[in-house]
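Trainee: Could you take one helix of this protein and walk me through it closely, from the way its sides are used to what lies around it?

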Amino acid sequence: MTKRRHTSQFMLGNVGVGSEHPVTVQSMTTTKTRDTEKTLEQIYEIASNGADIVRVTCNEIEAAESLVKICARSPVPVVADIHFQYKLALAAIEAGVQGLRLNPGNIRNEKQIKEVAKECLNADIPIRIGVNAGSLDKDILEKYGDATPEALVESALLETRYLQDVNFNNIKISVKHSNVPSMIDSYRLLAEKVEYPLHLGVTEAGPLPGGLIKSIAGISTLLSEGIGDTIRLSLTTDPIEEAKYGRQLLEYLNLRERKSLDLIACPSCGRAEVDVIQVASEAQEALEKEGFPIQVAVMGCVVNGPGEARSADLGIAAGKGRGHLFIKGQVVKVVKENDMVEALVKEGRLLAKEGIEARLAAADKNAANIAAQDAKELIDSQGDINDFVKKTKSVIEISTNTDIEN
Ligand code: SF4
């Protein structure tokens, strides 16, 4: 991972945005904003699934009115999403939102944009300039002939200048595109030109699994280059999923502390002693319910299982009719095959209560010997995979040795 790109900073409610703060997750409600209770209910669900910031459409005066109560009761900062009508931006500021998102493609009047910026300055709330390839400023689209990265960046810079003209600098920018390479190029280009924080997303990514793959490809590429300060996975699914996947992505990239389960599992192969796919999915369901913020491994056999997953906090490797429960690669208990998932849950609870050292000290002394015996039997019957690796290397070396005459 490249060091995070330096940016300016600001506060969005109680959430810090910019390179001195953690990368944060955003999602957007799908309820009618005028329905205060339903919108708040969804905001609570989105927030409890990992979103740090929530965006809410402000598309009518009833929505702006509802925002008064929503902002007062929301557990996370609320950003009002504004299209076409700048007066709704002014109403949303009055209602108490913690941030605004303006689309330069459909609020194009310089005077109106500056009026909104001045009000945001007075209220001390930031603005995201949300450029979108699908709704690009039509003059810029005409000039470039297509929604190219240069066109998206020009639109963002034009809007930035309007805001700077009235001394407004609490700016975040997004240049979203539905085409992943174009999205990546747009953000790279923008990152060279401004010091403002950037909000990442692949727009209109679509339903799962394609939408998720596109979003992860675009967002992860940029985050690994140090670009990006807030993210949203724009998926055609429940926003709770958006929040959950967004948070998990940041945890997997070590950009946020782990709060959720990280279940790793071997892909299974001909050596597997159990149906790894089924055991892994049962384990995922049972452990997610418990809310353990740990890494758990499910391995299909005992030959390489515990060793390969030694970094996991907890894991199980299937032996012949039984499972080897291990903590940090050390086998602590042997259980019946049918009890593997239950054993993971029980040990997970004890780990959460007592900690790793205490659970290693409480290990069944005989477990390691039984595990070693199972592994030996498996190697005797199936062969040592590590020997195969060595032999394969030798075969490759021999076959690529240029000294050997053809
Ligand atoms: S852990 Fe065992 S079953 Fe799973 S992929 Fe590796 S060798 Fe195959």
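Mentor: The face of H12 turned away from its buried side carries Arg349, Lys353 and Glu354, which are exposed (12 or fewer other C-beta atoms within 10 Å of the residue's own, against 20 or more for a buried residue, with C-beta atoms placed from the backbone). This is a predicted model, in which local features need pLDDT of at least 70 and side-chain atom pairs count only at pLDDT 80 or more, while totals for chains, interfaces and linings use all residues. Residues are numbered from 1 along each chain as its sequence is written.

Helix H12 covers residues 340–354, helices being DSSP runs of H or I with at least four residues and strands runs of E with at least two, numbered from the N terminus. Its 15 residues reach 21 Å from first C-alpha to last, close to the 21 Å expected at 1.5 Å a residue (1.5 Å times one less than the number of residues). The buried residues in H12 are Met340, Val341, Leu344, Glu347 and Gly348. Seen down the axis of H12, these buried residues fall within an arc of 125 degrees, so they line one face of the helix; the arc is that of the directions from the helix axis to the C-beta atoms.

As for the surroundings, the buried residues of H12 pack against helix H10 (276–290) and against four strands, E12 (295–299), E13 (314–318), E14 (322–327) and E15 (330–336), where contact requires C-beta atoms, placed from the backbone, within 7 Å. After H12 comes glycine 355, with a positive phi near 90 degrees.

Conventions
Two residues are in contact if their C-beta atoms, placed from the backbone, lie within 7 Å.
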